[in-house]
Structure formats: C-alpha cells, structure tokens
Amino acid sequence: MFHFKSLHTRTKPPLKCIIVGSGKVGNALIDVLGREGNDITLIDQDPSKIEEVTGTYDIMGIVGNGASFRVQEDAGVKEADLLIAVTESDELNLLCCTVARHAAKCATIARVRTPDYSVEANYLRDQLGLAMVINPELSAAQEISRLLTIPGALEVSSFAHGQAQLIKIQLSAGSPALGMTVAEYSQTYNDPLLFCAIERNNQVHMANGNFLFREGDIVAFVCQYRQRHICLEHLGITSGAVHNCLIVGGGRASYYLAKNLLANNISVKIIERDRKRCEFLSDDLSDAVIICGDGTDETLLQEEGLPSAEAFVPLTGMDEENVILTLHAKHVSSAKVVTKVNRFSFKDVIRSLDLGSVIYPRYLTAEAIIAYARARRESLDSNKIVTLSQLYDRQVECIEFFIDEPSDITHRPIRELSLKNDLIIAFINRHGRVLFPLGDDTIEVGDSVMIVTTHKGFSDITDIMD
C-alpha cells in the first residue's frame with residue numbers, strides 16, 4: 001500500500017477531502033492531494049474500483065451513490081472541508097455538489113465536460129455555490145492553443161491574468177545563448193525576461209548568473225506577454241503562430257481546441273472515425289473541415305496534408321495511438337506536434353521518445369485543485385494562491401500569490417529578505433504592470449508575486465522565508 005508523505009514545509013491540519021468517482025481524474029486527484037498531506041475518502045459505486053484504489057493508497061473507500069445524502073454522511077461530509085465530484089456524468093457531479101452544499105459547509109468542486117454546460121460554467125458555479133468547475137478537456141485544449149501560438153515552445157503557462165507567460169524551450173544548435181552564462185546573456189540582450197530553471201540530463205537546476213547554457217538544455221523563463229516574441233527570437237526559437245492544424249480524433253478536447261483555433265483565424269481539419277460524431281462536428285464547427293475516416297491510416301494522413309501541415313495534434317482516446325501518430329508526424333513533416341497522454345505511469349519512456357510538447361489533461365486540472373486546496377488549508381477564507389503550475393515532471397513549482405495583508409516579506413527590500421535556497425522571485429505584478437524585481441524592490445499589499453522553486457507545498461507567501 002502507498003502511504004502518502006506530506007510535502008508541506010509547515011505543519012498545518014490536513015484537509016478532509018471526499019472524492020466522488022474513481023476514474024482517471026479521480027485517481028490523479030487521490031495521488032496529488034494525498035501527496036499534499038490531506039485525508040481522503042473515495043466514493044464510487046463499483047466495489048472493485050474501491051478495492052483496487054484502497055489497496056494501492058492509504059485512504060478510506062465507500063461503495064455507493066455519491067449523490068446520496070446517506071452515503072455522503074457515511075463518508076463524513078459534515079466534517080469534510082472539500083468534496084470533488086468527478087464521475088462520468090456532469091449531472092451526477094452537480095447533484096453530488098448540491099447535496100453536499102446543503103448537507104454540510106464543505107466547499108465543492110464539480111467536473112463539467114459537456115460543451116453546453118461549459119458555456120454556463122460561471123453561472124453554474126455562482127448559482128450552485130461551487131468553489132470551482134473543472135473541465136480537463138477544455139483545460140487541455142487551452143494549453144494546446146497556447147502552444148500553437150508559440151510553435152517553438154515545449155510548454156506555455158499564463159500568469160498575472162495573462163500579462164506574463166512562463167515558457168519552456170529546448171536550446172538547439174545555433175541558439176545565441178549557447179556558450180553564455182545566464183548573466184552574460186541578460187547583459188547582452190537586456191530582454192524583459194527572467195530565467196527560472198534549466199533541466200540538463202534529467203537534472204533540474206535553478207537558474208543563477210553563473211549557469212552556462214549548452215545545446216539540449218531545457219530552459220524555463222518568465223517574460224512579459226507582449227514581449228514574448230522578441231525574447232524567443234533572441235533565443236533562436238520560432239515565435240509566430242501556426243496558420244493551420246490537423247487534428248486526429250473528434251472528442252470533446254478536439255471540439256474545444258477547434259473552437260479556440262477557429263476563433264483565432266487558424267484553419268482546422270479534423271479526422272474522426274464515427275460518422276454520427278462527424279455530423280455533429282460538421283454542424284457545430286461549420287468553418288472546420290471534417291473528414292470521416294481512420295486517422296491512424298498513413299495513406300489518409302498523406303492525402304489530408306500531414307506532410308505540409310503547420311500543426312498536428314493527435315487527440316484519440318488511446319495514448320499508444322497518440323504517441324505513434326506523433327512519431328509518424330515528426331518523421332514525415334515539420335509540423336508543430338502536441339501529444340495528449342492520459343497515463344502518467346510511463347513518463348520516463350515517453351521522455352525518452354523525444355515527443356516534444358506533451359500534455360497530461362488530468363494533471364492540468366489537478367494543478368488548479370492543488371492551488372485551491374493549499375489556499376483553503378492555509379485559511380478557510382484564503383484566496384492567496386492565484387495560479388499554480390508544475391514543471392519538469394513536478395520537480396519545480398511555479399506559484400503566483402496575491403498579497404492581501406502585511407507580513408514579514410512586505411515593505412522590505414528583497415535583498416534584506418532571508419529566502420530559502422533553490423527559490424526565485426520571478427516577477428511582481430503591480431496594478432497590471434509586470435516587474436522583474438531587483439534587490440532594492442519591495443513586495444507590497446495588493447501585488448501578486450510569482451515564486452519558482454524546487455520546494456514543495458508552499459501555501460502562503462511567507463513560506464519563502466528561511
């Protein structure tokens with residue numbers, strides 16, 4: 001049995017969490033919330049799933065209908081801090097949360113994936129009193145869209161309400177950064193960016209001025225959104241958005257992605273096996289080209305223009321197909337390829353294949369829930385964590401905190417703060433202006449501050465202090 005070990009730097013009471021639904025997302029949440037040191041109870045109607053999960057993780061399991069008040073009561077909903085409903089049914093998830101809200105004072109999070117409901121996510125959240133509405137497929141589509149605006153990037157995350165971006169790239173032969181230290185590069189180009197972390201030979205290093213860039217380094221940096229193109233060009237990275245995209249698979253993620261791309265004037269072609277699904281996509285995505293056929297057929301991919309495509313995104317329901325399609329696309333085209341992978345258990349094998357940009361939808365969703373859970377663990381009314389993102393197989397955390405009250409870190413020059421090692425203050429967002437702090441700068445109430453660190457479990461800005 002897997003016993004969780006808390007990663008928190010300060011001792012805080014664990015949250016009592018109830019998860020309804022033992023699918024891929026539910027199990028991912030058990031993993032990440034358990035590692036955060038929380039107490040977890042799982043509810044599922046399938047006894048075999050309960051037996052399997054409770055045999056793997058040190059958690060409680062309840063067999064039953066998660067929307068039943070009696071079942072929730074048996075799971076301890078009246079003492080719970082958080083209930084997360086992630087069954088396959090949107091309606092059941094919303095009902096579970098409604099019952100929990102009326103039965104107890106715990107916060108609730110519902111997975112809602114149907115496009116009709118997703119459009120009304122804010123309304124549902126407000127009217128039903130939900131803490132959050134999550135949609136893994138929509139989150140995946142948004143992540144892919146960001147990547148297709150910067151084809152040369154491996155990952156792109158937004159902070160400071162979109163005013164700043166954290167971008168991960170790989171330095172290739174010919175990059176002007178090669179042979180320079182971090183300090184030398186910054187002095188030479190004076191770009192509005194801050195290097196945060198570098199991975200070399202599977203070892204992650206926090207960026208410091210003496211670090212010497214080499215070919216193959218995977219570098220993460222933060223820059224102002226409006227200046228990202230010049231920053232990328234100086235690093236030798238392609239920065240212009242793609243003009244067309246070929247998608248294999250017509251599921252929810254493909255639908256959301258196509259909607260987003262079409263809204264940004266990027267032409268879209270989708271290959272989908274199921275004829276009824278093709279008819280739905282044709283009706284709802286009138287500006288996209290929908291091909292009814294087998295997207296794993298090499299001849300069909302050739303006929304539909306894979307060799308000349310600028311972007312290729314395999315979004316089938318099978319990881320194996322997505323990986324094979326990615327390898328084929330990299331062999332026959334120069335397209336920007338983004339690979340969706342649901343399982344995290346074979347990450348070392350996937351890394352060895354050099355697939356480029358790989359996204360894990362359930363972990364994108366988990367990041368948002370971790371941020372909420374940490375903030376709630378810190379204070380029942382806390383909203384201090386604005387955004388949380390994890391890099392390099394969760395070895396590095398990037399956390400944006402909102403500074404809502406004075407503390408030991410406010411009104412003092414940063415050079416006077418006793419900060420933990422392996423930690424960088426990446427930016428200060430002050431009234432919509434993103435600042436890369438120097439030693440004499442201060443953090444003030446009303447700012448948001450982004451921290452990049454190899455430490456785990458920060459839930460308050462004061463956790464950065466040694």
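Six acidic residues, Asp116, Glu120, Asp274, Glu279, Asp283 and Asp284, come together on the surface as a patch of negative charge. Keep in mind as you look around that this is a predicted model. Besides the patch, there's a helix with a buried side to check out, plus a set of 21 salt bridges in the structure.

**The negative patch**

- Helix α11, which spans residues 275-284, gives the patch its largest share, with three residues.
- Asp116, another member of the patch, sits in helix α5, residues 115-119.
- Asp116 counts as exposed because its relative accessible area is 59%, and the cut-off for exposed is over 50%.

**Helix α2 and its two sides**

- Look at residues 47-56 and you'll find helix α2, whose buried residues are Ile50, Val53 and Thr54.
- Those three cover an arc of only 95° around the axis, so they end up on the same side of α2.
- Here's the background: an α-helix has 3.6 residues a turn, so residues three or four places apart point the same way.
- Flip to the other side of α2 and you meet Glu51 and Glu52, which are exposed.

**Salt bridges around Arg113**

- Side chains of opposite charge can pair when their charged atoms come close.
- Arg113 pairs up with Glu88 in a salt bridge, with 2.9 Å between the closest N and O atoms.
- Arg113 is in the loop between β5 (107-111) and α5, while Glu88 is in the loop between β4 (82-85) and α4 (90-103), so this pair ties together parts that are 25 residues apart in sequence.
- The two partners differ in cover: Arg113 counts as buried at 9% relative accessibility, whereas Glu88 counts as exposed at 56%.
- Arg113 also forms a salt bridge with Glu137, and here the closest N and O atoms are 3.2 Å apart.
- Glu137 belongs to helix α7 (residues 136-149) and Arg113 to the loop between β5 and α5, so this bridge ties together parts 24 residues apart in sequence.
- In this second pair, both Glu137 and Arg113 are buried.
- Zoom out a little and you'll see a network of salt bridges that links Glu88, Arg111, Arg113 and Glu137.

**One more salt bridge**

- Arg125 and Asp126 also meet through their side chains, in a salt bridge of 3.5 Å from N to O.
- Arg125 counts as partly exposed, at 30% relative accessibility, while Asp126 is exposed, with a relative accessible area of 53%.

Notes. Residues are numbered from 1 along each chain as its sequence is written. This is a predicted model: local features need pLDDT of at least 70, side-chain atom pairs count only at pLDDT 80 or more; totals for chains, interfaces and linings use all residues. Side-chain values use heavy atoms; hydrogens and water are left out. Patches are made of residues with over 30% relative accessible area and no salt bridge: like charges are joined within 9 Å, nonpolar side chains (Val, Leu, Ile, Met, Phe, Trp, Tyr) within 5 Å. Accessible areas come from the Shrake-Rupley method with a 1.4 Å probe; for residues, only the protein chains shown count as cover. A salt bridge is a side-chain nitrogen of Lys or Arg within 4 Å of a carboxyl oxygen of Asp or Glu. Lys and Arg count as positive and Asp and Glu as negative; His and the chain ends are not counted. The place of a charge is taken as NZ of Lys, CZ of Arg, CG of Asp or CD of Glu. Helices (H or I, at least four residues) and strands (E, at least two) are DSSP runs, numbered from the N terminus. Buried means under 20% relative accessible area, exposed over 50%, partly exposed in between (1.4 Å probe, protein chains only). The arc is that of the directions from the helix axis to the C-beta atoms.
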